[in-house]
Amino acid sequence: MVKFNTLLVRGGKPDDNNTGAVNVPIYNSSTFRYPKLGTDVRWDYERSGNPTRDAVENVCAELENGDRGFAFSSGMAAIHAALSLFKPGDHIIIGDNIYGGTFRLVNDFLKPRGIEFSEVDTQDVQAVEAAFQKNTKAVYFETVTNPLLKVSSVKQLAQVAHQHHAMVIVDNTFLTPYLQRPLDLGADLVLHSATKYLGGHSDFTAGIIVTKTKELSDQVYTLQNSIGAVLAPQEANLLRRGIQTLNIRMDRHIQNAQKIIDYLLSNPKVGKVYYPTVDKSSEDYQIITDEANGAGGVLSFELQDGLDAAKFVNSLKLIILAVSLGAAESLVEVPAFMSHFEIPKPQRLEMGIKDELIRLSVGLEDADDLIADLDQAFAKI
Ligand SMILES: *Cc1c(COP(=O)(O)O)cnc(C)c1O
């Protein structure tokens with residue numbers, strides 16, 4: 001078995017034609033010919049499978065060290081399919097600080113259809129343990145949360161969940177398999193918004209599921225094919241291409257993030273900086289060093305009380321004011337007014353999301369230029 005960096009570049013490729021092409025072609029074909037009635041064909045219809053999508057699904061399975069990968073038209077489509085494994089009367093323990101779209105899916109779609117959820121702080125393993133019920137079927141969480149970058153332990157949560165015969169579902173969007181492989185740490189199913197780091201270039205949306213067992217693979221395949229929100233071949237090809245450079249991009253994201261953190265920590269206009277490795281005495285630091293190879297390229301910081309976050313972000317010239325993350329270009333957002341605007345203010349404050357909190361997805365530009373941009377914006381507030 002070759003090493004991870006080789007898998008990124010060379011993994012998942014079927015030898016599917018005799019042209020010598022080094023990349024799997026973009027098969028723009030929604031249907032596939034049967035040589036003869038009664039033959040068993042590998043591909044028959046795009047929703048059920050397309051060679052371009054298969055290739056990227058295979059590489060994702062290899063990277064996450066799972067049984068099988070599945071590609072969807074967005075991260076939410078993947079999450080919807082994963083949570084469709086459950087039926088009315090099932091209970092799921094879900095992190096209390098998960099992606100906003102996942103919260104909406106849970107509250108506005110799944111709860112009204114009879115699936116029960118308990119929102120629990122997954123950093124508190126005892127609280128998770130206390131939340132189990134007879135009908136608990138899964139624990140669902142993000143290892144590094146948004147926007148405060150809190151770290152939960154896959155190992156500890158998997159141990160507790162498996163004692164209760166519940167499965168573990170991890171949204172690994174922030175770390176990617178380059179930094180963490182949740183299936184190796186005990187998870188049963190791993191999810192991605194591949195719109196973010198895996199794709200890496202802000203040019204399409206995609207979602208990924210990787211399963212640990214054949215049994216789960218069969219179930220997820222049925223759901224993917226039944227619900228039908230599959231990734232189109234053009235986007236599957238872009239995702240393949242993005243994945244090939246994940247390692248070098250992620251290394252640079254982390255390097256740039258570290259330089260910006262050092263700058264922010266020495267800036268008197270900055271209150272707190274949120275990134276799992278800032279406080280080396282914290283449990284977050286312990287878990288991230290034990291279970292991952294780095295903390296990724298997203299960080300958040302608070303302006304000192306009373307400083308105007310709107311004025312700050314509006315003054316940035318290079319760093320782009322936009323939601324999303326994991327892209328080549330640096331993106332900034334103010335959670336209280338953008339990604340987390342839908343959460344009522346008292347609840348938002350309880351979660352630790354102040355109006356002065358700013359989230360930065362550090363891109364691949366020269367770190368000196370990013371710091372100069374931040375510096376000139378600080379000068380204006
Ligand atoms: C963006 C995101 C999603 C949703 O993915 P889409 O591709 O936007 O549908 C899910 N989880 C996390 C952690 C995300 O950042």
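**A tour from Thr 136 to the domain interface**

Begin by selecting Thr 136, which has its place in strand E4, the run of residues 136–142. Keep in mind while looking around that this is a predicted model.

Colour the chain by accessibility and ask whether Thr 136 is buried or exposed. Thr 136 counts as buried because its relative accessibility is 3%, under the 20% cut-off that the term requires.

Next, show what surrounds this residue. Once the neighbours within four places in sequence are set aside, Thr 136 is in contact with His 91, Ile 93, Ala 131 and Ala 166. Select His 91 from that group, and a polar contact of 2.7 Å appears between its side chain and the side chain of Thr 136. Then move to Gln 133, whose backbone nitrogen lies 2.7 Å from a polar atom of the Thr 136 side chain. For a view of the backbone, add Asp 90: its C-alpha atom is separated from that of Thr 136 by 6.2 Å, although the two residues are 46 apart along the chain.

Now zoom out and colour the chain by its domain assignment, which gives domain 1 as residues 4–241 and domain 2 as residues 247–379. If you place a marker at the centre of each domain, taken over C-alpha atoms, the two markers will be 26 Å apart.

Select the residues on both sides of the boundary: 31 residues of domain 1 are in contact with 37 residues of domain 2. The two domains bury about 2900 Å² between them, and 56% of this area is on carbon and sulfur atoms. Which three residues supply more than any others of the area that domain 1 buries against domain 2? They are Leu 148, Leu 179 and Tyr 197, which together supply 25% of that area.

Turn then to the polar features of the interface, where 18 residue pairs, both members at pLDDT 80 or more, are in polar contact between domain 1 and domain 2. Two salt bridges are also found across the interface. Elsewhere on the tour, select Arg 104 and Glu 342, whose side chains meet in a salt bridge with an N to O distance of 3.1 Å.

Finally, display the secondary structure on the side of domain 1 that touches domain 2, to which helix H1 (4–10), helix H6 (154–163) and helix H7 (176–179) each give two or more residues. H7 gives the most, with three residues. Coloured by residue class, this side of domain 1 divides into 14 nonpolar, 12 polar and five charged residues.

Conventions. Residues numbered from 1 in each chain as written. Predicted model: local features only at pLDDT ≥ 70, side-chain atom pairs only at ≥ 80, totals over all residues. Heavy atoms only, no water. Helix = DSSP H or I, 4+ residues; strand = E, 2+ residues; numbered from the N terminus. Buried < 20%, exposed > 50% of the residue type's maximum accessible area, 1.4 Å probe, protein only. Contact = heavy atoms within 4.5 Å. Polar contact = N/O pair within 3.5 Å; in protein donor to acceptor, adjacent residues only side chain to side chain. Domains from an automatic or database assignment. Buried area = accessible area lost by both parts, 1.4 Å probe. Salt bridge = Lys/Arg side-chain N within 4 Å of Asp/Glu carboxyl O. Nonpolar A, V, L, I, M, F, W, Y, C, P; charged D, E, K, R; others polar.
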